[in-house]
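Visitor: I have a chain on the screen and would like to talk through its fold with you. Could you put it up so that we can start?

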Amino acid sequence: MLRSSFFPNTFTFPFLLKSCALLSIPITGSQLHAHVIRTGCHPDPYTRTSLITMYSKCHLPNNARKVFDENPHWENPTICFNAMISGYSFNSRIFNAVLLFRRMREMGLNANSVTMLGLVSGCVVPGHLSVGVYLHGLGVRLGFDGDLTVGNCLITMYVKCGEVENACRVFDGMPARDLISWNAMISGYAQNGHARRVLELYREMKLSKVTPDPVTLLGVLSSCANLGAQGIGREVEREIGVLGFSSNPFLTNALINMYARCGNLARSHAVFDSMAEKSVISWTAIIGGYGIHGHGEVAVDLFNEMVESGIRPDETVFVSVLSACSHAGLTDKGLEYFDAMETKYGLRQGPEHYSCVVDLLGRAGRLKEAMDLIKSMKVKPDGAVWGALLGACKIHKNVELAELAFQHVIELEPTNIGYYVLLSNIYSDVENLEGVLKVRVMMRGRKLRKEPGYSYVEYKGKVHLFYSGDRSHPQIEEIYRMLDKLENLVKEIHQPAVKYQGKSEELLIGTGVHSEKLAIAFALLHTKSGTEITVMKNLRVCVDCHLFIKLVSKIVNRQFVVRDATRFHHFRDGACSCKDYW
């Protein structure tokens, strides 16, 4: 345009400056700023607002403020104030934004929905939540409580600050909702671990005749993966096809992960194979899937295939392959990959990689090496690293090292109930009742309660949930009768050793029945012979239940797939895929 001897005007510069902002190229933006001054377009409020936005998006809020302060007598000042307020929020300077908002009010300027959006968008970290709550109240007083865009922004703010219930109140109080409203709430529930509520909201959304988009379906698929709700996941896959999103790589990767975490590795791999172009995220999903199912050799082969295909591994895929090696007992292979991260690929080994290797060494009984590795870490060990060592001490009954690991882990994660339970179980295994009592006193003093164990199975599109010792299911009498039969058959082929007498024997033969036994009994009542049964459990499966399910798989000639807190167990013909290594 310039070479053709045409001169830019006030209509030209806003588009150019917006492009600089989107590309984050402040040097070009500054050169354009000089053009603005030379052509005399500087007083134009839209050009100056574009300059403020450009500098703000390029993370130069001080430059933006200089532009803002250059002319105290703005024509159409509200849009300039809004641009500077949004700029401060974008750069996480919320208090500057609030001060400027106060000045705006003192000048008698009316705030509009754009002002509120600029302010609220800066309160998406927990440290700024109190400011966000104040702004929410102010917005109500100024009459913006019915504004759709402000409502959506408030939902996002509360969700990102972990205040899901407050987000839900805003959502429920909205006079009208659009797709952004539903997505904000669904993503909020998914990110904060409320998977069941995601699926409930998704059903409600469909009844409201709102068509989902890829953002919606990503949140739903992640929740299906967490819950093991394969039936709903299949419905979502069909919907992806109907809506024309089959080529969306994010959704395809989410499908791979969902099917793997629902126990259907065959379908997970089929989706992976159908991808025309596989990214490192796709490879990570399928490698992680085989890893949690205990197929470490396959995971390793896939990793090597990925590297041979020319895709450079990143830190995340190394977590998946190291974890796969740990679950399958491939100790030397895992150590080889850990070293290759730095020496071959120049990647930084983070706490998440160290925790995998500590777990790898610990499971193999190489506790001294695991402890030496922690001492040599280039980064500070986090709770997961010490927790991995504590878990290894449970397997090998090393009380002294367990106490040391526990001391470190509760300094980092004092409210993580799992570590207290783990130490209590270690003391229990070596019959140290004083130690068990000490842990219980500590838990009581810190007002910590053990999460109740529960398991569930999906049958005819409905999830059937069972707690330990549960008697609330409408078919509970039939379930317990089936369980009695199974227990009697188990006793015929396996008499507990002397060490299992008393309390441990009660666990084995069903007194105070663990939830997975109830789920299996229910599934056997309602499925045909030969049908694979999949059970999801929130806690790690105990030794006694693990043995019980192995024996039942042989008695009834069925395959059971049990997903516990750490991995999948495939039980068939009296054996488990984990080879009792979990």
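Visitor: What is the strand order in the open sheet, and how is it paired?
Guide: In this predicted model, the open sheet has six strands in the order β2-β1-β3-β4-β5-β6, and the pairing is mixed. Because β2 (462-467) and β6 (575-576) stand at the edges with a single partner strand each, one side of each is left without a neighbour in the sheet. Strands here are DSSP runs of E with at least two residues, helices are runs of H or I with at least four residues, and both are numbered from the N terminus; two strands pair if DSSP finds at least two bridges between them.

Visitor: Before we go on, which ground rules apply to the numbering and the model?
Guide: Residues are numbered from 1 along each chain as its sequence is written, and side-chain values use heavy atoms, with hydrogens and water left out. As this is a predicted model, local features need pLDDT of at least 70 and side-chain atom pairs count only at pLDDT 80 or more, while totals for chains, interfaces and linings use all residues.

Visitor: OK, how many bridges join β1 to β2, and in which sense do they run?
Guide: Six bridges join β1 (residues 454-459) to β2, and the two strands run antiparallel, with E458 having V463 as its bridge partner in β2. The hairpin of β1 and β2 has two residues between the strands, and K460 there takes a positive phi near 55 degrees.

Visitor: And what about β1 and β3, parallel or antiparallel?
Guide: β1 and β3 run antiparallel, joined by two bridges, and S455 stands opposite K537 in β3.

Visitor: Where does the parallel pairing come in?
Guide: Strand β3 (residues 533-537) and β4 run parallel, with four bridges joining them, and I533 has F560 as its bridge partner in β4.

Visitor: Which residues of β4 are buried on each side?
Guide: Strand β4 (residues 560-563) is covered on both faces, with F560 and V562 buried on one side and V561 and R563 buried on the other. Buried means under 20% relative accessible area, exposed means over 50%, and partly exposed lies in between, taken with a 1.4 Å probe and protein chains only. In a regular strand the side chains alternate between the two faces of the sheet.

Visitor: How does β4 connect with β5?
Guide: β4 and β5 form a hairpin with four residues between them; the two strands run antiparallel and are joined by four bridges, and V562 has H569 as its bridge partner in β5.

Visitor: Why is β5 called largely enclosed?
Guide: Four of the five residues of β5 are buried, so β5 is largely enclosed by the rest of the structure. Strand β5 (residues 568-572) pairs with β6 in the antiparallel sense over two bridges; F571 has C576 as its bridge partner, and R572 stands opposite A575. The hairpin of β5 and β6 has two residues between the strands, and D573 in the turn has a positive phi of about 50 degrees.

Visitor: Which residues outside the hairpins have a positive phi?
Guide: Among them are H59, with phi near 60 degrees, and K209, with phi of about 65 degrees. H59 lies in the loop between α3 (45-57) and α4 (61-69), whereas K209 is in the loop between α12 (195-207) and α13 (214-227) and counts as exposed because its relative accessibility is 74%. Most residues other than glycine have a negative phi.

Visitor: Changing topic, which residues make up the negative patch?
Guide: D273, E297, D301, E305 and E308 gather in a patch of negative charge on the surface, and helix α18 (residues 296-308) gives the most to the patch, with four residues. E297 lies in α18 and counts as partly exposed because its relative accessibility is 47%. Such a patch takes residues with over 30% relative accessible area and no salt bridge, and joins like charges within 9 Å; a salt bridge is a side-chain nitrogen of Lys or Arg within 4 Å of a carboxyl oxygen of Asp or Glu.

Visitor: Last one: how many helices does the whole chain have, and how much of it is buried?
Guide: The protein chain has 30 helices and six strands, and 50% of its 582 residues count as buried. Its C-alpha atoms fill a box of roughly 95 × 55 × 55 Å, taken along the principal axes.

How values were computed:
Patch = residues over 30% accessible without salt bridge, like charges linked within 9 Å, V, L, I, M, F, W, Y side chains within 5 Å. Areas by Shrake-Rupley, 256 points an atom, 1.4 Å probe, with all protein chains shown as cover. Lys, Arg positive; Asp, Glu negative; His and termini not counted. Charge placed at Lys NZ, Arg CZ, Asp CG, Glu CD.
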